[in-house]
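Open the model in your viewer and keep the selection tool at hand. We will go from stop to stop, picking a few residues each time.

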Amino acid sequence: MLPSQSQTLSSTLLQSSSIFFNNSLYASSNAMSDSHHSSMLSPSPSEYNSRMNMNDLRMRQSTFPHRQPIANPHERFLKRTMENCPANLTGRKRTNWLKAGRKAQNNQQLLSTLDPFHWPTYNYESPIFIHRRTSESHLYGIIHKISNVHLYTIDTEADRPTRRYPHSLPALIQIQAIHDENYSTVIIIEVQHLPPTSSSLFHSIQQLCQVIFSSSNKLMAWGDVKKELGPFEDFNLFDLSQVTNTLDLQKYFTKLWNQTHPHTSDCLARHQPVVDECISEDVLVCLVNSDDINDEFNPNDPAEDYNTCICPTEIRPYKATNAVWSLQKAVEFIFHQALDKTLTLNIWSCGLDFHLHTWQTHTDKRTRQSLIAYAMNDLFAPTNLYFHLNKTSSLSSNPTNPINLNTIQINTALDLPLFLILADSHAKYFPPVITISSYKLITKAISGLQWVNQSNTQLCATSIIIASSVFSLIFMFWCFLSHWN
Ligand SMILES: [Zn+2]
């Protein structure tokens, strides 16, 4: 779906939403509202704060009035060198100052040499934002849409600590509901913009979270899933004890990489086993190479990283015991793409969804768009790595073709009849993929689709069919609804 289409869709949904609250705190930002939302009211401060303890309250107040995100937080780091490091910075402060500069410069260097990380957008809709302005009917639709999903990727974002706000503030839970390798539904929960816990809308959001954070689902993250979710536990959206089936993709990736990229013989030769039962302990001490006094080589697992590794960087970029790969490095090595980390430290609690009306200028809107893209990349990157690893580790000979309307074909590998539902927004809550033992059903819901639309071929069903190889389908089901021309 095109962003413009989905925006129309979400704006329609917002117009039909009946859950609005009254809040003077939001009155100023609502002054920015367009005519569609001018009747929207926001929660009262007392309602809004009812569930918070003092600590929460302090955190919330720190975000009001809305702090705006930073468009280019790396800019000031890019020119840092040893030469221009302020003389008053010494020791650890100096190291950190330079390190931040080096990190930003490496990120910039990567972006200038590789294509940016991307994924085929035709199968993915815009993310679904969950906050106090999400309608309950929309939530129930999403619950239905993801009802058959049992694989999720999770990521979270928090506001960076600053001198003024020294504690990081939980801001986003990003969730990728993976229908299959080519279809996902992305949900972004804006936890600093939730409705009051006593509201029916909040209970509906809890219901959605219970569907996702369930022991019957596999939850993946680049890192420890429970640690990622820990800071969000106080929002009462999910029960962390139900999160039992998890996969730390960072560890999984590191392990598989190390197994498939063993240390070179030169590197290993430096660690020739010196343990020989015939040699007495006294002799062993003499055999220890003084260079390797701090060697972290683990003879029980010679595939692990260690600090005295001399392998080329292309094989072993990490040289420390228990090192784990950064997501950016993994994307670089596997997909030869650059995952931009410029925006990592930011004001994630700013209210990303335009419908929250926390933005003030067009720059604020543009920055939000970049943050949304970043938040989605941080889901798609681990998910794509997961599917890549599964394919390479199982040596699968059936690479799945990405399915879109122009390449759609009967999947002979699965040997299943494939059905397509092409529909307007009435099918927006259908699961995009349903696979059962006797067939596979793909639903493509295009908001505003018409039989014939001469001014916009993207909304013209006839054009889509003619332009695609859709005729090779065995059967095509057409949702033709009465309001269409
Ligand atoms: Zn090595």
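Helices and strands here are DSSP runs, with at least four residues for a helix and at least two for a strand, numbered from the N terminus. By that count the protein chain has 14 helices and 12 strands. Keep in mind that this is a predicted model.

**Stop 1: the whole chain**

Show everything first. The protein chain has 485 residues, and 48% of them are buried. Buried means under 20% relative accessible area, and exposed means over 50%. Now think about contacts between residues at least 6 apart in sequence. Of these, 67% join residues at least 24 apart.

**Stop 2: the zinc ion**

Select the zinc ion. Which residues coordinate it? Display His263, Cys267, Cys309 and Cys311. His263 uses its ND1 atom, and each of the three cysteines uses SG. The distances run from 2.1 to 2.4 Å. The site is tetrahedral, with angles of 105 to 114 degrees among its four donor atoms. For comparison, the ideal angle for four tetrahedral donors is 109.5 degrees.

Next, look at where the donors sit in sequence. Their spacing reads H-x3-C-x41-C-x1-C. Pick out Cys267 and Cys311, a pair that links distant parts of the chain, 44 residues apart. Cys267 belongs to helix α10 (residues 265-269), while Cys311 sits in the loop between α11 (281-287) and α12. Are these two buried or exposed? Cys267 has a relative accessible area of 0%, so it is buried. Cys311 has 4%, so it is buried too.

**Stop 3: helix α9**

Select residues 249-260. This is helix α9, with 12 residues. From first C-alpha to last it reaches 16 Å, close to the 16 Å expected at 1.5 Å a residue.

Look at the N-terminal end. What caps it? Asp248 does: one of its side-chain oxygens lies 3.0 Å from the backbone nitrogen of Gln250.

Now colour the buried residues of α9: Leu249, Gln250, Phe253, Thr254, Leu256, Trp257 and Asn258. They pack against β6 (218-221), β7 (246-248), α12 (327-335) and α13 (362-393).

**Stop 4: Tyr386 in helix α13**

Move to α13 and select Tyr386, which is in this helix. Its relative accessibility is 9%, so Tyr386 counts as buried. Measure from its C-alpha to that of Phe253: the separation is 8.1 Å, although the two residues are 133 apart along the chain. Show what surrounds Tyr386. Leaving aside neighbours within four places in sequence, Tyr386 is in contact with Leu151, Lys218, Met220, Leu247 and Leu249.

**Stop 5: the nonpolar cores**

In soluble globular proteins, nonpolar side chains tend to be buried together. The largest nonpolar core here holds 43 residues. Which members touch the most others? Select Trp222, Phe253, Trp325 and Leu385. Then highlight β4 (169-180), β5 (183-190), α9, α12 and α13, each of which supplies at least two residues of this core. The largest share, 12 residues, comes from α13.

Zoom in on Leu385. Beyond its neighbours within four places in sequence, Leu385 is in contact with Trp222, Phe253, Leu327, Ala330, Val331, Ile334 and Phe335. Apart from this core lies another, of 34 residues. Its members include Ile154, Ile175, Ala177 and Cys209.

**Stop 6: Asn107 in helix α5**

Go to helix α5 (residues 91-113) and select Asn107 there. At 2% relative accessibility, this residue counts as buried. What does its side chain meet? A polar contact of 3.0 Å joins it to the side chain of Thr342. Asn107 also touches His74, Gln328, Leu339, Asp340 and Lys341, among residues over four places away in sequence.

**Stop 7: two positive phi values**

Most residues other than glycine have a negative phi. Select Asn322, in the loop between α11 and α12. Its phi is positive, near 60 degrees. Then select His357, in the loop between β8 (337-338) and α13. Its phi is also positive, at about 55 degrees, and it is not a glycine.

Buried or exposed? At 64% relative accessibility, Asn322 counts as exposed. His357, at 4%, counts as buried.

Conventions:
Residues are numbered from 1 along each chain as its sequence is written. This is a predicted model: local features need pLDDT of at least 70, side-chain atom pairs count only at pLDDT 80 or more; totals for chains, interfaces and linings use all residues. Side-chain values use heavy atoms; hydrogens and water are left out. The expected span of a helix is 1.5 Å times one less than its number of residues. Buried means under 20% relative accessible area, exposed over 50%, partly exposed in between (1.4 Å probe, protein chains only). Contact means heavy atoms within 4.5 Å. A polar contact is a pair of N or O atoms within 3.5 Å; within protein, one must be able to donate a hydrogen and the other to accept it, and residues adjacent in sequence count only if both atoms are side-chain atoms. Donors are N, O and S atoms within 2.8 Å of the metal (3.2 Å for Na, K and Ca); water is not among the atoms, so sites may look incomplete. Four donors count as tetrahedral if all angles lie between 85 and 135 degrees; four count as square planar and six as octahedral if opposite donors are over 155 degrees apart and all others between 65 and 115; anything else is irregular. A nonpolar core is a set of buried Ala, Val, Leu, Ile, Met, Phe, Trp, Tyr and Cys residues joined through side-chain atoms within 4.5 Å.
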